[in-house]
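Visitor: I am new to this structure. Please show it to me, then teach me how to read it.

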Amino acid sequence: MNILICNDDGYLAPGIAVLARVAGEFANVRVVAPERDRSGVSNSLTLDRPLQLKEADNGFYYVNGTPTDCIHLALHALPDFKPDLVLSGINNGANMGDDTLYSGTVAAATEAYLLGIPAIAFSLNDFSGRYWETAEKAAWMLLAHLLKNPPNHPVLWNINIPAVAPEDIQGCRITRLGRRHHVQSIVPARNPRGESVYWIGPVGDISDREGGTDFAESEAGYITVTPLQIDLTDYGNMAHVAGFWQEVAP
């Protein structure tokens, strides 16, 4: 099996090294990732300048673009490696609830899924750097099971690893996405010229952490797996919308 690995933290991030090392125990691995941190870029493509693909000393490839760019270049600029599975991560910090809409980690997996390749996004619910051993154990457990039972059709799964000691992982739970209060803070500052600038601040508080959500089960020490879909059509509202627009003259 061939596994393509990407992320949004950049090719030098510790999480991608962990994921590549674990995946390498099971399959042939190629890493194509952004040259720097591109967190929060979602599914954006770079259309205003050309991209470059380079190989680093550690054998990883890096791109001066977004995670989505990386998937396309991995498939089209390096055609000698045809992935059977795409893994994204392991992200430094969780990607749960509404955050999945902004996540470059999830976006890389999404792009692969849209191209017909099974894809999984991995994130670690921690920023302290204390739980990479937990992330490695969780990735090994999950990949050992997955590759014994590989999906026979494209899937898009979002996985979050809890911030607990390796021996305190409670198991694996299938969850739905929770929700946040998206009151995004804006932090004003001044640049060296004295001009006003603004930073996008921390995300809002969690508003839905009921049992069964990724937020709740991760806090309880479980690895969470959330199946995602891309079709944004509101099927339940189609009849109402059709009634609203039916009198529009041709």
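**Burial and charge pairs**

Visitor: Is R30 buried or exposed?

Guide: R30 counts as buried, because its relative accessibility is 13%. Buried means under 20% relative accessible area, exposed over 50%, and partly exposed in between (1.4 Å probe, protein chains only). The model is predicted: local features need pLDDT of at least 70, side-chain atom pairs 80 or more, while totals for chains, interfaces and linings use all residues. Numbering starts from 1 along each chain as its sequence is written, and side-chain values use heavy atoms, without hydrogens or water.

Visitor: Which side chain does R30 meet in a salt bridge?

Guide: Side chains of opposite charge can pair when their charged atoms come close. A salt bridge puts a side-chain nitrogen of Lys or Arg within 4 Å of a carboxyl oxygen of Asp or Glu. Here R30 meets D80, at 3.0 Å from N to O. This pair links distant parts of the chain, 50 residues apart: R30 is in strand β2, and D80 is in the loop between α2 (67–76) and β5. Helices (H or I, at least four residues) and strands (E, at least two) are DSSP runs, numbered from the N terminus. Unlike buried R30, D80 is exposed, with a relative accessible area of 61%.

Visitor: How many salt bridges are there?

Guide: The count comes to six. One of them joins D98 and R179, whose closest N and O atoms are 2.9 Å apart. D98 lies in the loop between β5 and α3 (104–114) and R179 in strand β9 (179–180), so the pair ties together parts 81 residues apart in sequence. D98 is buried at 12% relative accessibility. R179 is partly exposed at 47%.

Visitor: Where does E217 form its salt bridge?

Guide: E217 pairs with R173, at 2.8 Å between the closest N and O atoms. R173 sits in strand β8 (171–174) and E217 in helix α5 (214–219), 44 residues apart. Here the acid is buried, E217 having 10% relative accessibility. R173 is partly exposed, at 34%.

Visitor: What about R38: how far away is the nearest side chain of opposite charge?

Guide: That side chain belongs to D69, 5.9 Å away, and buried R38 has no salt bridge. Lys and Arg count as positive, Asp and Glu as negative; His and the chain ends are left out. R38 is in the loop between β2 (28–34) and β3 (53–55). Beyond four places in sequence, R38 is in contact (heavy atoms within 4.5 Å) with D8, R49, G65, T66 and P67.

Visitor: Which residues does the "binding site" annotation cover?

Guide: The unreviewed UniProt entry lists D8, D9, S39 and N91. They are spread over 84 residues of sequence yet cluster in space, with a largest C-alpha distance of 9.2 Å. Such annotations may be inferred rather than shown by experiment. D9 is in the loop between β1 (2–6) and α1 (14–23), and D9 is buried at 16% relative accessibility. Its contacts beyond four places in sequence include S39 and N91. N91 belongs to strand β5 (85–92) and is buried, at 7%. Among the contacts of N91 are D8, D9, F122 and W132.

Visitor: How many of the ten residues of α1 are buried?

Guide: Seven are buried, so by the cut-offs above α1 is mostly covered. They are G15, I16, V18, L19, A20, V22 and A23. Their cover includes β1, β2, β5, β6 (119–124) and α4 (132–148).
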